[in-house]
Amino acid sequence: MKKFAVGALRQSSFTSTRRYNATLQQVEVEAALPVPTFESPDFGKAVDKSQHQFSRSVPPRWRFDKAASVVLNEVKPGEMDYATLGQAKKLVLQACEYERPELATKLLHRLVNECRTNPNGYVMYQSVFNVTMSAWAKQREPEQAENVFAQMLNGHAENPSLFPPPDIYSYNALLAAWAGSNHPIAIDRVVEILEEMEGSEYQQPDGFTYNTVMTAYANLIGEYGAAKAAEDILLRFSERHVNGLLDEGPQTMSFNIAMKAWSNSGDEKGADRAHEIFRLMQKLTSEGHANVKPDEISLVSLIKAYGLKGDLDMVEKLLDTPPSEVDGDLKNCFNCAMSAYVMSGLKDAGEHAERIMERMEKPNKISYKTVMEAYAKGNHRNAAIDCENFLGKAVEKYLKYEIDVSPTKELFHIALRAWSEHQNKREAAERVSAIIEDMEGLRKEWNLHTTPDAKTYSYLIEIWSQIDVDKAEEILLKAEEQGINIWIRNYNMIIRGHAGQNSKKSIEKALQLLKILEGREQAKTFTYNLVLKGLAKLGSVNSARKCMNILNSMEEAARDGDIEKRPNMQTYTCVLNAMSGAASEGSRDTASAIDIFHRMSKLDKNPDSTSKLDLVGYSAILLLLSRLRSVEAANTATEIIKQMLDPTTGVNPDAGCMSSAVLANARARSIRHIYVAHDMLVYLSRLFLDGKLQQYPHPSSFTTVLNAWSLSQESSSVKRGFELLTLMKDLNDAGVESIPNKVGYNAFFSVMAKSKLNNGGFEAEKILRTIPNASTDLWNSVLQVWAYSKHTRKAFEAQRCLRDMQAAGIQANNVSFNSVLNAAAHSHVHSDEFKDESMEIAMGMFEELCNCEYAEPDHVTYGCLMKCFRNLTEASPDRDNSILDILERCKQEGKVGSMCIREIHATLTPTDFEKCIGFRADAFSTKPASVLGSLPMAWTINAKN
């Protein structure tokens with residue numbers, strides 16, 4: 001064995017002898033041992049291998065990397081001797097063997113530059129370029145192979161004596177690089193290279209060339225015209241051979257590629273066309289052309305074509321092809337035919353596949369696997385049972401030495417998968433457990449390779465996670481104790497099951513499993529998101545706090561370099577949903593909400609991130625902001641909507657986003673933001689009415705804005721309310737039946753009531769009469785409008801409205817009577833002229849309510865009646881006694897409410913109040929809730945305080 005030394009290589013060595021097949025040549029890459037330095041007088045001499053034991057312990061690839069580094073970085077340009085140049089060439093070949101074409105290209109470039117400047121006159125070989133192009137072809141990088149080919153051409157044009165021209169192997173290597181890639185211009189470049197070779201005087205295409213071009217077309221699965229183009233190339237190949245331009249013509253492989261092209265074409269006649277090619281091969285063979293005799297691959301391609309077509313009768317007929325007409329072992333043909341039944345989806349596919357297998361002289365493992373797949377995919381409820389029964393028969397035959405195919409875990413896993421897809425999960429769990437026990441028994445008694453592994457338990461865990469997640473967790477932990485490394489996906493199944501139960505106990509179990517994965521450094525973003533989603537469903541302040549802690553730990557881990565824990569948009573969305581639930585409980589952490597949105601925006605703008613802020617993320621943050629009831633939240637919601645309306649964002653707000661922004665502004669309790677919410681809602685509604693938005697605003701948006709106007713005390717609130725009511729009616733006319741709803745009308749009537757208009761009651765009644773099937777609640781809302789109005793005879797009008805309600809067949813309730821009493825109690829504010837009339841109406845309403853069969857006085861009724869006595873009658877002992885009589889009745893009925901106590905407090909002297917109630921009057925003034933809570937339970941048991 002020849003030994004050599006490389007300049008500038010200090011105390012290191014090259015790899016041991018390896019062989020690399022490059023363009024049909026065997027290139028020997030030998031090991032160089034540690035060599036003396038340049039300064040040593042022994043440089044370049046052979047080194048005795050026995051004197052250097054160190055070289056045997058150094059990993060070959062380490063020595064290779066060191067040698068390549070020396071050539072690239074330590075040897076100065078122009079100073080390579082002939083031996084070093086030769087070794088650099090071998091390094092190129094070895095880099096290709098190690099599938100490192102980028103390093104091979106660097107070394108090749110170094111060689112090319114050295115040959116141009118080095119006086120030693122080293123001549124480049126075509127094989128170095130060819131092998132580098134082949135290495136790039138394996139990496140599916142045709143453009144890199146093209147660069148190497150161009151370098152070869154340029155070198156030859158510059159100095160033909162040092163750089164040889166591309167040979168047939170060079171063109172074929174380039175052709176293979178383009179043919180095997182998914183580059184958009186691959187097929188065009190392949191054809192261009194073929195035409196260039198056909199027009200060349202020196203490098204004519206050979207059989208490999210044409211086969212490569214046909215393969216490129218055959219791989220264009222389902223593309224129109226590709227199969228026809230592949231067949232045309234086959235004809236060109238044949239014609240050039242007939243015309244004497246090629247020594248050898250198409251052989252079996254060429255015809256097989258053409259058949260494959262038709263099989264992959266997706267054409268209805270593709271299988272028939274492949275069959276015609278098959279018959280042509282048979283005909284040519286009978287005429288003496290043995291080099292085109294169909295082989296096993298030919299028949300498999302044809303069977304596959306008819307299988308994809310669904311012509312199972314033809315598949316069966318092809319199996320009757322005489323073995324003498326086909327070269328090779330026909331086992332794969334039978335296996336392919338059985339695969340056709342697997343793809344068929346027939347209920348009896350397993351029976352057909354088993355019948356075909358029985359025709360085989362000696363089925364192999366693939367045969368048994370295919371039959372089991374056919375049974376497993378049978379489209380009926382007993383598919384898993386049939387699959388298991390077939391497996392049982394196979395095991396029995398093997399144990400009786402009737403077959404040579406040993407049952408393996410792979411066969412058992414097919415049966416397990418079939419049961420995992422069974423509808424009855426309880427039965428499936430029992431059968432899978434039994435199969436796993438059988439696997440253990442076969443391993444112990446017969447020493448078969450059926451030891452249950454992680455995949456085995458994966459099926460069992462998957463089934464139990466759907467019916468009893470606690471049982472699934474028990475199985476997982478038990479398997480872990482046996483030394484089986486359960487897959488992370490199984491942990492995720494159980495975590496998802498616990499997280500989906502929406503209980504604190506189950507979430508704690510999910511967190512415990514997460515800690516186990518964290519301890520093994522196997523926890524990933526997907527797992528964290530499952531836990532976060534479960535915590536978000538709890539909707540509590542504590543769960544939101546836990547979500548924030550998990551998010552912060554994930555971000556910290558990502559900053560430390562653990563990209564597997566880097567939060568994505570789903571992570572942030574889950575945290576936002578948890579905060580939304582907490583906001584429903586009263587948590588108002590606006591600063592954290594805005595901070596999370598800024599983190600999401602930062603991730604969205606990161607060019608290296610594939611996780612982008614989408615509609616789901618925007619919806620989550622807007623929903624949270626709508627529940628925070630703060631000016632900052634409203635401002636942020638408005639800015640987000642503006643951001644989404646920007647075309648460069650690429651995410652258009654839907655009705656849900658706009659509605660959330662409307663709610664955020666309406667709930668900010670700021671006049672400016674109420675106007676913003678109003679304008680947003682109008683804009684959103686107009687977009688829908690104009691057909692520019694598919695979703696209409698949610699009815700709650702109208703209700704919330706109307707409620708905001710009712711509390712605003714703005715002079716224009718009624719005008720704005722009428723505008724929204726008109727808009728709701730327009731939406732109803734456009735087909736939105738849910739708008740306006742009862743809640744929306746009630747909110748509008750509330751706006752009118754709080755505005756205290758003189759004739760507000762009349763306007764409200766007009767609107768009420770336009771509502772079909774108006775309910776008791778809507779009539780009560782109109783009565784409230786009368787109660788709040790400034791009309792001098794509002795008690796009379798409220799009573800009249802109540803009579804109209806009863807005349808319309810609407811059953812009044814205690815709220816209806818209380819509204820009339822309330823109107824009477826406040827009628828004195830606007831005029832004393834009708835006090836007696838109002839008092840008479842109040843007493844009449846009270847008496848009617850007491851005698852009513854479907855309603856009775858409540859604590860509000862008594863409070864309003866006391867207010868009527870206090871406001872409508874002159875102060876006198878009789879008035880005070882009447883109020884005290886009402887109080888005594890309240891005590892007896894357990895209906896002493898806060899309104900009653902307030903009226904007593906306003907009517908009686910502090911001394912009388914203390915005698916009557918039992919508490920000092922000033923105590924009620926400072927702490928009314930404490931007084932109410934200390935009253936005897938018998939007084940307040942039927943009152944809602």
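**Exercise 1. Decide whether Thr252 is buried or exposed, and describe its surroundings.**

Solution. In this predicted model, Thr252 has a relative accessible area of 12%; because buried means under 20%, Thr252 counts as buried. The next step is to place the residue, and Thr252 is found in helix H11, which covers residues 252–263. Turning to its neighbours, and leaving aside residues up to four places away in sequence, Thr252 touches Met281, Asn291, Val292, Lys293, Asp295 and Ser298. With one of these, Lys293, there is a polar contact, since the side chain of Thr252 reaches the backbone oxygen of Lys293 at 3.0 Å.

**Exercise 2. Work out how helices H23 and H24 are oriented to each other.**

Solution. Two packed helices are described by the angle between their axes and the distance between the axes. The axes of H23 (residues 488–499) and H24 (residues 504–519) come within 8 Å and cross at roughly 155°. Angles over 145 degrees count as roughly antiparallel, and H23 and H24 are therefore roughly antiparallel to each other. The crossing in which H23 passes H24 is left-handed, and the residues that meet there include Tyr491 and Ile494 from H23, with Leu513 and Leu514 among those from H24.

**Exercise 3. Describe helix H20, its two ends and what covers its buried residues.**

Solution. H20 runs through residues 425–446 and reaches 31 Å from its first C-alpha to its last, close to the 32 Å expected. At the N-terminal end, Asn424 acts as a cap, with a side-chain oxygen 3.3 Å from the backbone nitrogen of Arg426, while after the helix comes Asn447, whose phi is positive, near 60°. Along H20, the buried residues include Val432, Ile435 and Leu442, and the cover over the buried residues includes helices H18, H19 and H21.

Definitions and conventions: Residues are numbered from 1 along each chain as its sequence is written. This is a predicted model: local features need pLDDT of at least 70, side-chain atom pairs count only at pLDDT 80 or more; totals for chains, interfaces and linings use all residues. Side-chain values use heavy atoms; hydrogens and water are left out. Helices (H or I, at least four residues) and strands (E, at least two) are DSSP runs, numbered from the N terminus. The expected span of a helix is 1.5 Å times one less than its number of residues. Buried means under 20% relative accessible area, exposed over 50%, partly exposed in between (1.4 Å probe, protein chains only). Contact means heavy atoms within 4.5 Å. A polar contact is a pair of N or O atoms within 3.5 Å; within protein, one must be able to donate a hydrogen and the other to accept it, and residues adjacent in sequence count only if both atoms are side-chain atoms. Axes are lines fitted to C-alpha atoms, for helices over the stretch in contact, and angles run from 0 to 180 degrees between N-to-C directions. Angles under 35 degrees count as roughly parallel, over 145 as roughly antiparallel, 65 to 115 as roughly perpendicular and the rest as oblique. A crossing is left-handed if the near helix is turned anticlockwise from the far one by less than a right angle, and right-handed if clockwise.
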